[in-house]
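Here is a short note for a first look at this structure. Please keep the model open while you read.

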Amino acid sequence: MLSYVVRRLATAALILLGASFLVYLLTASSGDPLADLRASNAPNRQQLMDARSQLLDLDTPAPLRYFKWLGGAAQCLVPFAGNCDLGKSVTGQPITEALGIALIQTLTLVTGATVLAILIGITLGIVTALRQYSALDYGVTFMAFLFFSLPIFWVAVLLKEFGAIGFNNFLRNPVIPLPVSLGTGIVLGVVVAVAVGGEIKRRLISGGVVFALVTAVMVYLSATLWFKTPGLGPVVIGIAGVGMAFAVTTLVSGLKNRKALQSSLIMAGLGVISWFVIQPLLAQATGLMIFLLAIGTVLVGVGVGYLMGGYDRGQSMRAAGITAFLVGGLVVMDRFMQAWPTYFNNSRVRGRPIATIGAGTPNLQGDYWILTIDTFTHLILPTVALILVSLASYTRFTRSSMLEIMNMDYIRTARAKGLSERAVIMGHAFRNALIPLATIVAFDIGALIGGAVITESVFSVHGMGFLFLDGITHIDPNPVMGVFLCVAITAMVFNLVADLAYSALDPRVRIKA
Amino acid sequence: MRFGRISQAVGVLAIATLALSACAGNTGSPSSSSGGAQEGGTIGVAETNGFSSFNSGTADGNSDVNGHIGYATHSNFLYIDDKLNIVKNEKFGKYEKLSDDPLTVKYTVNEGVKWSDGTQVSAADLLLTWASGSAYYDDANPEKKTGTTYFLTAADTSGLHLTDFPEIGSDNRSITLKYSKPFADWELALGFAGNGGIDIPAHVVAQKAGLKDAQALVDLFKSVKRGDPAAPKPVNAQLKKVADFWSTGFDSKTLPSDPSLFLSNGPYIVKDVVAEQSLTLVRNKDYNWGPTPHADEIVVRTIGGAPAQVQALKNGEVDIINPQASADTVEQIKALDGVQLLQGKQLSYDHLDLNYSGPFADKDVRTAFMLTVPRKDIVDKIIKKIDPEATPLDSQIFVPAQAAYADSVKNNGSSAYQDVNIDKAKQLLAGKTPTIRIMYNKDNPNRVDAFSLIRESATKAGFKIVDGGLGKADWSAHLGDGSYDATIFGWINSGVGVTGTPQIFKTGGGSNFNGLSDPDADKLMDELIVTTDKAKQDELQTKIDAAIWSTSYGLPLFQSPDVKAYSDQITGVTAMPNQTGVWWNVWDWARK
């Protein structure tokens, strides 16, 4: 095992060296860095050309320049020495500093999107696999491929037009016209009727209920101008909490495990109580506090599950823990909604909260809630755009993997011995279906650092992709090499991690050292 | 398969959405309020590039956005207005020509003009500006690779290089420059006009370079002799330290923790910078030595693409945009409510140059070729989509924004080339069918269009046109190498100043790629660069313009259009062709 890792790392280092040499030469010979000045009619044309030649060290041939660069880059290997020198860009900025800024921008943009895309993609993949060849399966597949094949710059521009500009205009007077409420109700009702499966009667009833509920909620939201002063309140949290308790228990242990259900319901109740208790504390919130509260909430849930006991204590603990986390999330979401009017009316926001560019409102001041809402309003559109286009691969991958597993012999055995369908899916199929996903998720993390070049440029986020493109347009190898190093190293490390994880997850795969 | 019909339906729906999104213009935007300008408030401006340096005069800091921030945070003896006139700012200080021969200019900063740390703007600051912009100390010889270039400036040093070491006034607020020969652009010589002028504080540079104070810096400048590239001396370590700090010490993508690195002596001061995202300017509270600003705060947002700028304007995130001009951008802006579109012309222009060699050595062939160039069609095809009022450019030297353009155009001979005249061209060719290779940047669609139109028309007169288009990375390296007979590319008129003229048109000029050598024009240009009087300069330039046209040089084609837009919630924004752009009157911007 160890020798395998060492061998892989050694090959990785050699590949990195060779690839960096190639990339450097390709970038350096991709054009003429003086092209614009050659055609210039500025009286100091020669002086400017000399200055740029000096800055980019153009008198040294590119292969030699690579070794100069390598000399600086090699110092990065010495830990804590702080001599890391990846050169400077055309504007004189050290690449190490530029990479620091770009990496943060890219990570804030793509992390959330990737995590959500994985979660949603896997869920959809499982559901479509279980309802293979149903209308739902075809619908999801079609939508996934549709979004996959849409150009992201166009999706992004549409999102800005309707999601930001249109929605902001709507917020000035958030009244939903009745036809829109009815229309949304009908659409969602039809979707649910198609999705639930089963007999026609069951479908009609489910669809009808959803239609009525959605329309009623939308009419209510419109009549109370909810979007101006949104909020959930203890009642909604209570109802949603009970719903969540049932849903989580169904998935984790099945409703037959009464102790687990009771633990979950207790957590829903505690959630409502905590809503009243915790408000003064939340007024002083910081990011760390929310994080600690989340951990505390889960621990309380686990504790309640433990105390409830029952024949399978573990299941109760898990169900209660997850429910606690979700209900806690509702309480926090409610607090964000309470802060919304303050944010909305802030003089910096000028009543147009959803942003089309950047990562934050400049000079915005406020507490944790205001600043976090600001981050959300800036990230929501790029995140949605990225999720839409990357959903397809996760959905399809999970679906096929799940289908393969569901046709395995051991699944038939599990059913034959009388296990409930829930236990078969959650306990036997689902986990094994996730194994192949470990590989694509690891690959995607490598790609994630490389940045979402187009999304970045449409939403004016100057991340890794921008740095890379900017280097290419200025025929400046230094930024390109900086980005290349980061991406290449992450990709290689995560490839290795994927291989190791695969062998750890799937006992059939063994690493031969 | 069940799939078919549904997928078709959704496909049609998707295409319909696509089509609709193209028309989704008027879904409402901020309602316009009437009324005049008011004091205070915040104004958002979009910039294409990210801010990177508080010294916009250096070779690596000389980007558009750095120049704009430099302009808003610093003062100068003059600024350039949207009619391309020089406007003196006598509240800051005055410059006066003491004598014409030798040309002697005295610069005096008014008392009470201060950096934002309270230090008076002094002779030391003027001296540093002079030292960095004169290449006085440089003894670098690029051919032999000897000597040193101290200050890495982006400014043209040819003017100040003619001066001796300045005389410092006894009040310590003035310097006097004496030129060894008259210099036409003397008014623009000191300070990088359009970028801020007197923008780097000497006392800060002195301290950062390890000197005691500004006086020590002045003494250092005095102690070092003029550099001579023919006889390079060893590097002066202390001066190099000063110059290096000047060249790179003010580069920063974020707000430095040391406030001395972003001192202001202009209407605004930088308050905050978020790297590659935004920059915030607030009023410089001491400032009373120039036009008074209205807005309290200006937020500069970095937005790269033109569509993103338009959408940010629509969503109220910025109030002023200056996107790259294209027909689509103009359409998008026109579709917005509550937004004013400003259409103007940039100082850059496309032109067709004919080599004075090869098949074009014969003047009649050049003239014949010029007669075939369909300039009006080119403008119609390329520019009218963006600017319906566009016309061909009729001067080799002036642009319409300059007062002298109209007079020059009347007599420079351009009238003969208003319309295509194939018959006359055929007559001049007298049966010859010269083969002409036209070189241009084939990655630039405008140049490709211009080439196609010229080829079509010239072929009718009997020219055989060879397509010599090259990729965007290659074409400029071939300028002047004789591998082509004609070329289509762009130049930038300097707007103010005349030293750009000999650079292009003088025998052996640095950008004279087609080998023009006209003794009369050369003589006029020799006179021009030592003429210090504006009216006389215009007169000479008008003569030069006519002389160039009469040699059948080639043709100016059109000026690039310029597109700006601003929300009608603000006032005071005007079109400005030069690199300062809308920022030229930043003090007039106000919220309604």
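1. Start with the polar side of the interface. This is a predicted model. Between chain B and chain A there are 23 residue pairs in polar contact, with both residues at pLDDT 80 or more.

2. Which elements of chain B give two or more residues to the side that touches chain A? They are the helices α1 (3-23), α8 (306-314) and α15 (500-505), together with the strands β8 (268-274), β9 (278-283), β10 (297-302) and β15 (486-492). The largest share comes from α1(B), with seven residues.

3. The chain B side is mixed in class. It holds 24 nonpolar, 25 polar and 16 charged residues.

4. Now the extent. On chain B, 65 residues are in contact with 59 residues of chain A. The size of an interface is often given as the accessible area lost when the parts come together. Here the buried area is about 4800 Å². Carbon and sulfur atoms give 51% of that area.

5. Three salt bridges are counted between the two chains. One pair to find is A:Arg348 and B:Glu297, whose side chains meet in a salt bridge at 2.4 Å, N to O.

6. Turn to the surface of chain A. A:Phe153, A:Val453, A:Ile454, A:Phe468, A:Leu469 and A:Ile472 form a nonpolar patch there. Together they have about 470 Å² of accessible area. Two or more residues of the patch come from each of α17 (453-458) and α18 (464-473) of chain A. Helix α18(A) gives the most, with three residues. A:Leu469 lies in this helix, α18 of chain A.

How values were computed. Residues numbered from 1 in each chain as written. Chains lettered and ligands numbered in written order. Predicted model: local features only at pLDDT ≥ 70, side-chain atom pairs only at ≥ 80, totals over all residues. Heavy atoms only, no water. Contact = heavy atoms within 4.5 Å. Buried area = accessible area lost by both parts, 1.4 Å probe. Salt bridge = Lys/Arg side-chain N within 4 Å of Asp/Glu carboxyl O. Polar contact = N/O pair within 3.5 Å; in protein donor to acceptor, adjacent residues only side chain to side chain. Helix = DSSP H or I, 4+ residues; strand = E, 2+ residues; numbered from the N terminus. Nonpolar A, V, L, I, M, F, W, Y, C, P; charged D, E, K, R; others polar. Patch = residues over 30% accessible without salt bridge, like charges linked within 9 Å, V, L, I, M, F, W, Y side chains within 5 Å. Areas by Shrake-Rupley, 256 points an atom, 1.4 Å probe, with all protein chains shown as cover.
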